[in-house]
Amino acid sequence: MSQLMLYFPFGNPALLWEMWRSSVIAAGMVLVVLLVFKLCILRLLRGLRDKLEYAFLDDLLKAFDKPIESFFLIFALYSFCIFSPIALLSQHPSIDKILRSCLVICIFAGLYNLCDAGEGFILHLMRRANVEVHQALAGLLSTLAHILCVALASVMVAKEWNYDISAFIASLGIGAMAFAFAAKDTLANVFGSLVIVMERPFQIGDWIQVNNIEGLVEDVTFRSTRIRTFYQELVYVPNNLLSNTPITNCTRRKRFRIQYSLGVTYGTTRDQMESLCTEIRNYCEQDPHIDNRDISACFYEFGDSSLNVRIVCYIAADHYSQYLTYRQQFNLALMKILEDKGISCAFPSQSLYFETPLHTRGTVESTVDLHRDKDAL
């Protein structure tokens with residue numbers, strides 16, 4: 001208690017101020033510099049950001065705002081302690097190490113926030129260096145940058161406190177080998193993710209089909225690729241599987257194929273059939289949504305219960321819903337052509353002929369036509 005009263009003579013304000021004046025003034029000057037930084041320099045930088053209209057500058061300011069403020073507060077506390085009349089604080093050998101460690105932590109905290117500020121910053125830097133980077137690869141680089149920031153900060157702080165990290169680094173090599181054997185599947189997924197982002201079989205938002213899974217790609221991580229199915233189920237597919245499995249990218253197709261057989265009745269005449277095929281080809285050539293390079297409409301075969309017209313064409317559409325709209329227009333146009341030509345579509349049917357007349361309720365029937373729908377069967 002007597003020691004406390006020696007350094008904090010609250011009963012004598014003049015003596016208290018005389019003892020702690022240097023500490024208060026030093027800490028106050030640091031806080032004034034912090035205030036000037038936030039009110040003047042930071043506003044100037046934000047105004048420069050608005051004029052230049054660079055998104056990465058906004059990420060830079062947001063990333064280092066809190067770390068710089070925290071360092072100034074720590075430096076103010078350091079200044080207060082270093083000029084204090086208490087020898088245990090002002091002359092302690094660890095006080096400088098604490099300040100330097102805090103400086104290292106604040107710098108790497110800003111870099112960590114900068115990596116966390118978004119993949120757009122990394123993409124911007126890569127594109128300014130004329131390096132085209134996949135968005136998924138930017139996410140992987142962001143994760144690696146996070147790990148690198150934590151590792152470097154830990155090493156530098158340990159070195160500041162005179163810890164020998166050489167033995168620790170050597171042990172990491174042995175541990176890395178053991179980890180590689182134990183986590184070979186995980187490492188296979190990591191290398192699979194690198195293969196995916198380098199070869200670019202798909203991008204985030206693409207509609208893909210892989211291993212009986214169909215949906216939209218939402219994200220690509222070190223371990224897996226997240227696919228949202230059309231039933232709104234979220235499927236995590238290991239990247240190792242994706243790198244060794246055929247992938248169908250439905251988004252990158254520029255044309256949608258229409259191929260089916262149009263069956264008409266056997267009562268259709270030769271002239272009607274020829275005119276029907278010609279009319280279908282003319283419509284396909286005039287439709288702006290149909291690619292006129294690959295059009296086929298011809299009398300293909302004599303079917304069991306119909307004369308089949310084989311139609312093949314390609315619809316140019318940006319996405320599947322647009323393709324469905326254009327295909328509906330195409331089908332309606334075919335119906336109109338059939339109506340104008342007076343041709344009817346055939347349905348599966350069978351005719352049974354009896355050599356011996358059948359007597360049913362006194363009525364003799366020599367022929368019975370039985371029509372069966374295949375769907376009913």
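The following paragraphs describe the confidence, the sheet, the helices and the nonpolar cores of one protein chain.

The structure is a predicted model, and its confidence varies along the chain. The average pLDDT of the protein chain is 77, and 71% of the residues score at least 70. Over residues 361-377, by contrast, pLDDT stays under 50, and for this stretch the model has 24 contacts beyond four places in sequence.

An open sheet is formed by three strands, which are arranged in the order β6-β8-β7 and paired in the antiparallel sense. Because β6 and β7 stand at the edges and each has a single partner strand, one side of each is left without a neighbour in the sheet. From one strand to the next, the twist averages 15°. The antiparallel strands β6 and β8 are joined by ten bridges, and within this pair Leu-262 stands opposite Val-309 of β8, while Val-264 stands opposite Leu-307 of β8. On the other side of the pairing order, β7 and β8 are antiparallel over eight bridges, and a hairpin of four residues leads from β7 to β8. In this second pair, Cys-298 stands opposite Arg-310 of β8, and Phe-299 stands opposite Val-309 of β8, the residue that also stands opposite Leu-262. Eight of the ten residues of β8 are buried, so this strand is largely enclosed by the rest of the structure.

Two helices are placed against these strands. Helix α11 lies across β6, β7 and β8 and runs at about 165° to β7, whereas α12, which also lies across β6, β7 and β8, runs at about 25° to β6. The axes of α11 and α12 come within 11 Å of one another and cross at roughly 150°, and the crossing is right-handed. On the α11 side, the residues making the contact include Leu-276, Ile-280 and Tyr-283, and on the α12 side they include Phe-330, Ala-333, Ile-337 and Leu-338. Polar residues also take part in this contact, among them Gln-272 and Ser-275 of α11 and Gln-329 of α12.

The strands and helices described above also supply the largest nonpolar core, which has 25 residues and in which Leu-276, Ile-280, Ile-311 and Phe-330 have the most contacts. At least two residues of this core come from each of β6 (255-264), α11 (270-286), β7 (290-302), β8 (307-316) and α12 (320-341). The largest share, six residues, is that of α12. Leu-276 illustrates how the separate elements are brought together: when residues up to four places away in sequence are not counted, Leu-276 touches Val-264, Val-309, Ile-337, Leu-338 and Ile-343. A second core, separate from the first and made of ten residues, includes Ile-208, Val-210, Val-237 and Leu-242. As a general background to such groupings, nonpolar side chains in soluble globular proteins tend to be buried together.

Note on methods:
Residues numbered from 1 in each chain as written. Predicted model: local features only at pLDDT ≥ 70, side-chain atom pairs only at ≥ 80, totals over all residues. Heavy atoms only, no water. Core = buried A, V, L, I, M, F, W, Y, C linked by side-chain atoms within 4.5 Å. Buried < 20%, exposed > 50% of the residue type's maximum accessible area, 1.4 Å probe, protein only. Contact = heavy atoms within 4.5 Å. pLDDT = per-residue confidence, 0-100. Pairing = 2+ DSSP bridges. Axes fitted to C-alpha atoms, helices over the stretch in contact; angles between N-to-C directions. Left-handed = near helix turned anticlockwise from the far one by under 90°.
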